[in-house]
Structure formats: C-alpha cells, structure tokens
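Reader: Hello! I am new to this structure and would love a close look at a single part of it. Could you take me through one strand and its surroundings?

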Amino acid sequence: METLLLDRIYIDWRDIGDIALVSFLLYQVIQHLRGSRALAVLMGLFILAVMFVVSNTLGFYTLSWLLDHIFSSLFLVIVIIFQQDIRHALGEIGASSFFKRKSVKASGMEEIVIACEDMAKAHIGALIVIEGNMRLDDMIKREGVPIDAKLSRQLLKNIFYPKAPLHDGAVIISRSRIWAAACILPLAEAKGQAFGTRHRAALGITEETDATVVVVSEERGEISLASKGILIRNLTSSKLRSALNELL
C-alpha cells in the first residue's frame, strides 16, 4: 500500500518541466492579451460558456443546441477571430529576449535624434523604422529601394527632403545602417483619432512587428514615437533620446 501511494505522488524532472512550460506559456498569453481587444473577445466567449452551462441546467434546449454548435467549431472560430493576434504573438515569441541583438549603436541613435530635431524645426516629414529582432527583409524586397549605407543625420535629411525622389515612404534602419528607403508600410485602422498617413503607418508596422518607429510631422513639426502599437506624440529631442535608449 505504501509503495502504491509513493508511485502515485512520485514527480520526476519531466513533470516539473511540463508544469514550468505550461506556466510560462500561460504567462506569455496573459501578457500579450492584457489591455488588448483580444481580452474582451475572450470575456465574451467566457460569457457564452456560462450561458451554455446555465441553459443545460435549466433545460433551454434551443439555446443549448445553438451554443453546442458554436463550441463544436470553437478552434476554428478562435483562429479566425485572433488570426492577427496569433501571428503577432508567434512573431514575438520567435524574436524573444533569448535572441536579442542590438539594432542601433548609441552613436547611430544620436544621429537619428539630431536628424529628427532638425527636420521637425524645418517641418520636413519623416518616417524612420528601426528594426527589432523580427527581420523586415521581405518588406524591403517587396516595396523599398535598397541603400545599405552608414547611418548619418545628413543622409536621413537628404532622403526626406521634399524634392528628393525617395522622400515618400519609410526608411528602414538595421544594425546602425540604412538598409532601404521609400518603403510602404501597412496602415493601422483609424480608431477615431486624427492620425495622418505617416502615423497610421508607424502604428501599423509596430502592431505586426517589434520595430520601433520615429515619425516627424510635416504639418506640426512634431516628433512622435511608435512601439507595440502605441504612439507617443509631441516629444522633445531629449525625451526621444531617453525613449529610444529605453526601447533599444
């Protein structure tokens, strides 16, 4: 009897690893969903599940039949509803902290800050994408014009000069080099806010990748920073420098 009891409660390293892995995955899911629209959708699914239990208990056969058919295709429903969130989460897992690389050196970061400060004063619009751990090679090959030049404030200002042939679009920076210009970025949905095309493009690329984007408004001469689908507006050069240091 004692041997049988010990066999039942025996835990080896595989059980500990299994529990740790599941806990880590659940923690990552909660972190990704916190503050997002996906959490509201999951709450709606939870309410439907409660209704399903209640309808079965009270004998509401029509409602039970309807909810039963919904939950029979639950996996497909979740994939359809969360396809963008799933793609973004998988991308972030692939670009996790285990594989981090420094995208821009301190000297290159300073070149970006000074260039943005000068362009904001001159009311020259700019859209600068700083690549994170997720590579943007496909976007460069599909839309952008390859440059592969050393990052400098002079080159950035020349690219975004209004009469320059490459000024319309985004510059992509990786490993302290300007890889491409005139890149077309995916646009985020306008959610009731008066965002221009540059700001929507900045939000769009940061919603799909882990890139960091600096935007200079041509109309207002304002510097903004986008990361993880969040836009911080009206930054001074010192605030931009601090934010880039913290993010990169």
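What follows is a walk around strand β3, its partners and some salt bridges.

Reader: Which residues of β3 are buried on one side and on the other, and which strands does β3 pair with?

Author: Happy to help! This is a predicted model, in which local features need pLDDT of at least 70 and side-chain atom pairs count only at pLDDT 80 or more, while totals for chains, interfaces and linings use all residues. Residues are numbered from 1 along each chain as its sequence is written, and side-chain values use heavy atoms, with hydrogens and water left out.

Let us start with the strand itself. Strand β3 covers residues 170-174, and 5 of its 5 residues are buried. Here buried means under 20% relative accessible area, exposed means over 50%, and partly exposed lies in between (1.4 Å probe, protein chains only). Strands (E, at least two residues) and helices (H or I, at least four) are DSSP runs, numbered from the N terminus. In a regular strand the side chains alternate between the two faces of the sheet. In β3, Ala170, Ile172 and Ser174 are buried on one side, and Val171 and Ile173 are buried on the other.

Now for the partners. Two strands pair if DSSP finds at least two bridges between them. Strand β1 (residues 126-130) runs parallel to β3, joined by 3 bridges, and in this pairing Ile128 stands opposite Val171. With strand β4 (residues 177-183), β3 pairs in the antiparallel sense over 4 bridges. There Ile173 of β3 has Ile178 of β4 opposite. The hairpin of β3 and β4 has 2 residues between the strands, and Arg175 takes a positive phi near 50° in this hairpin.

Strand β4 also leads us to a charged contact. Side chains of opposite charge can pair when their charged atoms come close. A salt bridge is counted when a side-chain nitrogen of Lys or Arg is within 4 Å of a carboxyl oxygen of Asp or Glu. Asp148 and Arg177 form such a pair, at 2.8 Å from N to O. Asp148 belongs to strand β2 (residues 145-150) and Arg177 to β4, so the pair links distant parts of the chain, 29 residues apart. Asp148 is partly exposed at 39% relative accessible area, and Arg177 is partly exposed at 31%.

The structure holds 8 salt bridges. Another one joins Glu111 and Arg153, whose closest N and O atoms are 2.9 Å apart. Because Glu111 lies in helix α7 (residues 106-121) and Arg153 in helix α9 (residues 153-160), this pair ties together parts that are 42 residues apart in sequence. Glu111 is buried, with 16% relative accessible area, whereas Arg153 is partly exposed, with 26%.

A further salt bridge brings Arg233 and Glu222 together at 3.3 Å, N to O. Arg233 sits in the loop between β7 (230-232) and α11 (237-247), and Glu222 in the loop between β5 (212-216) and β6 (223-227), so parts 11 residues apart in sequence are tied together. Arg233 is partly exposed at 31% relative accessibility, while Glu222 is buried at 12%. Salt bridges that share partners join Arg220, Glu222 and Arg233 into one network.

One last stop is the cysteines. Cys183 is buried at 1% relative accessibility, and Cys116 is buried at 0%. The structure holds 0 disulfides, a disulfide being a pair of cysteine sulfur atoms within 2.5 Å.
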